[in-house]
Amino acid sequence: MIKRKEIYLDHAATTPIDRTVLKKMEPYLKEKYGNPSSIHQFGEIARQAVNKSRQQIADFFGCLPEEIYFTSGATESDNWAIRGIVEKVISQEKIKPHLITSSIEHKAVLSLCQYLFKKKLIDLTLLNVNQDGLIEIEDLKKAIKKDTRLVSIMFANSEIGTVQPIRQIGEFLKKENQKRKNKILFYTDAVQAINYLNSKVDYLGVDLLSFSSHKIYGPKGIGGIYIKQGTPIKPLLIGGGHEKGMRSGTENVPGIVGFGEAIKKINYSQNDKIKKLRNQLITGIMKEIPDVSLNGSLRERLPSNAHLTFKGVEGEGIVFDLSQRGVMTSTSSACASHSLSPSHVLMAIGLPVELAHSSVRFTLGKETSSSDINYVLKILPGIIKRLRKISGYKHV
Ligand code: PLP
């Protein structure tokens, strides 16, 4: 029997685990099962593995190992960063802190901020983005208030792949903070970016930065956050005092080991190859299929992301048909893809509802090949033609 072709173009949702990463983890799922808190030899082995991974991650971000905390993933890191700072400000300063974020953040940031605002715990400014999906620094400058304590802007968008001017924001906030008594902290959710962009924390000028292992060819269920030393933040989980008392709970040792190995393997020299294939996909689709448009900036964009609108067809229909032919794509970010409401990101860049529903995200990875792209280019025009016939769409 001929094996069905399988092409994975949904790397923003998750990545396949790298084989060498899995190999490094295996002993910690089998014979090296000690608890890092135990004082016996088994505990020592696990403790050393956790320390090694923490150092690998710290090296990647150019920070101290003590500034890296492990979590279960970026949703947890996002929640910790925002709640932890809000709670600290409220308890210390007895004020209602003002937060600034963008309208295209991941829901782990956006929904949490909206929840805190509804509960009247924070004052909130949501920065709009332009048509390209980028925030304007001038808007940020105008939004700053006396009680602003946190700016939370994602590094790269999970849906349309646009890259925000994090370094410029960091520089601006540094200058702004020199004039202020109470510092504005700067947090970035860097989950989608670290595979491709310089994520050294000093270069970016951030106080907190979050990341997740399953987006970088590591295991699921493990993530982390960089918290600059001295940042005023409440602990996330109270218990046995793990992670310097900030996030209690027995460490996910195999996950941590895999995470350290995965981050070590990040290789920006692959960016050009991925970008070339991505561009081949975009230009090929635009050439072969009428009434298609690209969403988000082409310049300020992750090399792996192509997000396209196909007029007159439901994005879900395209994803379904592609999947039937062995090609995995997505209509929006994985967490929102079961929602019937249009993507908040596409709404924010000004797409009408019907076009938002006609969009598909293709995200390439390090294993994507030219023949994968050629296969998509071969089957997609027929799929769109068939779906447009069903919907009655007529090219004008
Ligand atoms: N933030 C961004 C930008 C993401 O893309 C994701 C996952 O899609 C998350 C946060 C949530 O990460 P996790 O799956 O590790 O909770």
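Is Thr71 buried or exposed? In this predicted model, Thr71 has a relative accessible area of 2%. Buried means under 20% relative accessible area. Thr71 is therefore buried. The residue belongs to strand β2, which spans residues 68-71. The side chain of Thr71 makes a polar contact with the side chain of Ser77. The distance of this contact is 2.9 Å.

Strand β5 was examined next. This strand comprises residues 148-152. It is mostly covered, with 5 of its 5 residues buried. Strand β5 pairs with strand β3, residues 98-102, through 4 bridges. The strands β3 and β5 run parallel. Within this pairing, Ile100 has Val151 of β5 as its bridge partner. Strand β5 is also joined to strand β6, residues 185-189. Here 3 bridges make the connection, and the two strands again run parallel. Leu150 has its bridge partner in β6, namely Leu185. From β5 the chain passes through helix α6 and on to β6. Helix α6 covers residues 166-178. The resulting β-α-β crossover is right-handed. As a general point, side chains in a regular strand alternate between the two faces of the sheet.

The ligand site forms the last part of the picture. The ligand has 13 residues around it. Those that come nearest are Thr75, Asp189, Gln192, Ser212 and Lys215. By residue class, the shell holds 3 nonpolar, 7 polar and 3 charged residues. Helix α3, residues 74-93, gives the most to this shell. Its contribution is 3 residues.

Several short distances link protein and ligand atoms. A ligand oxygen lies 2.9 Å from a backbone N or O atom of Ala74. The side chain of Ser212 places an N or O atom 2.6 Å from an oxygen atom of the ligand. For Lys215, a side-chain N or O atom is 2.5 Å from an oxygen atom of the ligand. On its own, the ligand has 400 Å² of accessible area. The protein covers 90% of that area.

Some elements recur across these descriptions. Asp189, one of the residues that come nearest to the ligand, falls within the span 185-189 of strand β6. Ala74 and Thr75, with their places in the ligand site, fall within the span 74-93 of helix α3. Ser77, the contact partner of Thr71, also falls within the span of α3.

Methods:
Residues numbered from 1 in each chain as written. Predicted model: local features only at pLDDT ≥ 70, side-chain atom pairs only at ≥ 80, totals over all residues. Heavy atoms only, no water. Buried < 20%, exposed > 50% of the residue type's maximum accessible area, 1.4 Å probe, protein only. Pairing = 2+ DSSP bridges. Right-handed = clockwise from strand over helix to strand, strands pointing away. Near = heavy atom within 4 Å. Polar contact = N/O pair within 3.5 Å; in protein donor to acceptor, adjacent residues only side chain to side chain. Areas by Shrake-Rupley, 256 points an atom, 1.4 Å probe, with all protein chains shown as cover. Nonpolar A, V, L, I, M, F, W, Y, C, P; charged D, E, K, R; others polar.
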